[in-house]
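Trainee: I would like to learn how to read a few features of this structure. Where should we begin?

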Amino acid sequence: MIEKKIQNALDKINLLSKKMGLDEKEEKTILNLEDTNDSSKKLLTLKSGNWNDKEPWFVIDQDGKIHTMLSLDTLLYVINALRSAQEENFNLKLEKSIWQNVPIDFQDVWVVAMDEVKKQLKNSKDKKSFNIDIDKVVKDIKKKYPNLFLNLDRYLSGINQEEMV
């Protein structure tokens with residue numbers, strides 16, 4: 001039973017390593033975590049790889065559950081990469097929403113939108129789970145500052161009237 005749990009964990013580690021883009025041929029540090037008689041201590045033993053191998057290190061506990069160990073530098077790098085991706089995603093969504101509303105001057109609308117977002121962030125009670133409806137922000141800006149956007153209905157109706165003459 002224990003060997004089956006360990007083999008299942010090893011298969012999961014190999015699958016995860018492949019998804020993470022880790023070299024299959026490269027040795028992975030895999031550790032085994034076991035209980036001891038002292039409830040404040042656990043025994044960590046090297047199952048494969050070595051103590052100097054690259055991160056992440058994989059730890060298999062007594063239930064066959066897999067954990068990973070990363071250095072603080074690596075963890076901070078991952079967090080910063082996620083923040084950067086989140087910011088880029090936000091900027092792309094905002095850009096798309098602005099263009100869909102046909103701005104006269106994109107940069108002017110961008111500045112107003114970013115000011116509105118900052119204001120909402122400042123007034124938010126729960127800054128950790130802040131969620132913003134970008135389309136609503138842009139539509140509110142369009143209502144408040146219609147001069148920043150092209151009014152297609154008025155523009156097209158003007159063209160139709162000119163064609164009739």
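Mentor: Begin with one side chain. This is a predicted model, and in it Trp99 has a relative accessible area of 48%. Buried means under 20% and exposed means over 50%, so Trp99 counts as partly exposed.

Trainee: Which residue forms an aromatic pair with Trp99?

Mentor: A pair of aromatic rings is described by the distance of the centres and the angle of the planes. Here the partner of Trp99 is Phe106, at 4.8 Å centre to centre and with 15° between the planes. That pair is stacked. Phe106 is buried, its relative accessible area being 16%. Trp110 joins Trp99 and Phe106 in a cluster linked by ring pairs.

Trainee: How many aromatic pairs are there?

Mentor: The count is three. One of them joins Trp51 and Trp57, with 5.7 Å between the centres and 65° between the planes, which makes the pair edge-to-face. Trp51 is partly exposed at 43% relative accessibility, whereas Trp57 is buried at 17%.

Trainee: Trp57 lies in strand 3 (residues 57–60). Which strand does strand 3 pair with, and is the pairing parallel or antiparallel?

Mentor: Strand 3 pairs with strand 4 (residues 66–69) in the antiparallel sense, over four bridges. Across this pairing, Phe58 stands opposite Thr68 of strand 4. The two strands form a hairpin, with five residues between them. In the turn, Gly64 has a positive phi of about 85°.

Trainee: Now the interior. How many residues does the largest nonpolar core have?

Mentor: A core is read as a set of buried nonpolar residues joined through their side chains. The largest one here has 15 residues. Those with the most contacts inside this core are Phe90, Leu94, Ile98, Ile132, Ile141 and Phe149.

Trainee: Which helices each supply at least two residues of this core?

Mentor: They are helix 2 (72–100), helix 3 (106–123) and helix 4 (134–144). Helix 3 gives the largest share of the core, five residues.

Trainee: What does Leu94 touch, not counting residues up to four places away in sequence?

Mentor: With those neighbours left out, Leu94 touches Trp110, Ala113, Met114, Ile134 and Val138. Trp110 is thus a residue to find twice: in contact with Leu94, and in the ring cluster with Trp99 and Phe106.

Trainee: Which residues are among those of the other core?

Mentor: That core lies apart and has five residues, among them Ala9, Ile13, Ile30 and Phe58. Phe58 is also the residue that stands opposite Thr68 in strand 4.

How values were computed:
Residues are numbered from 1 along each chain as its sequence is written. This is a predicted model: local features need pLDDT of at least 70, side-chain atom pairs count only at pLDDT 80 or more; totals for chains, interfaces and linings use all residues. Side-chain values use heavy atoms; hydrogens and water are left out. A nonpolar core is a set of buried Ala, Val, Leu, Ile, Met, Phe, Trp, Tyr and Cys residues joined through side-chain atoms within 4.5 Å. Buried means under 20% relative accessible area, exposed over 50%, partly exposed in between (1.4 Å probe, protein chains only). Contact means heavy atoms within 4.5 Å. Two strands pair if DSSP finds at least two bridges between them. Rings of Phe, Tyr and Trp (its six-membered ring) pair if their centres lie within 6.5 Å; planes under 30 degrees apart count as stacked, over 60 as edge-to-face and the rest as tilted.
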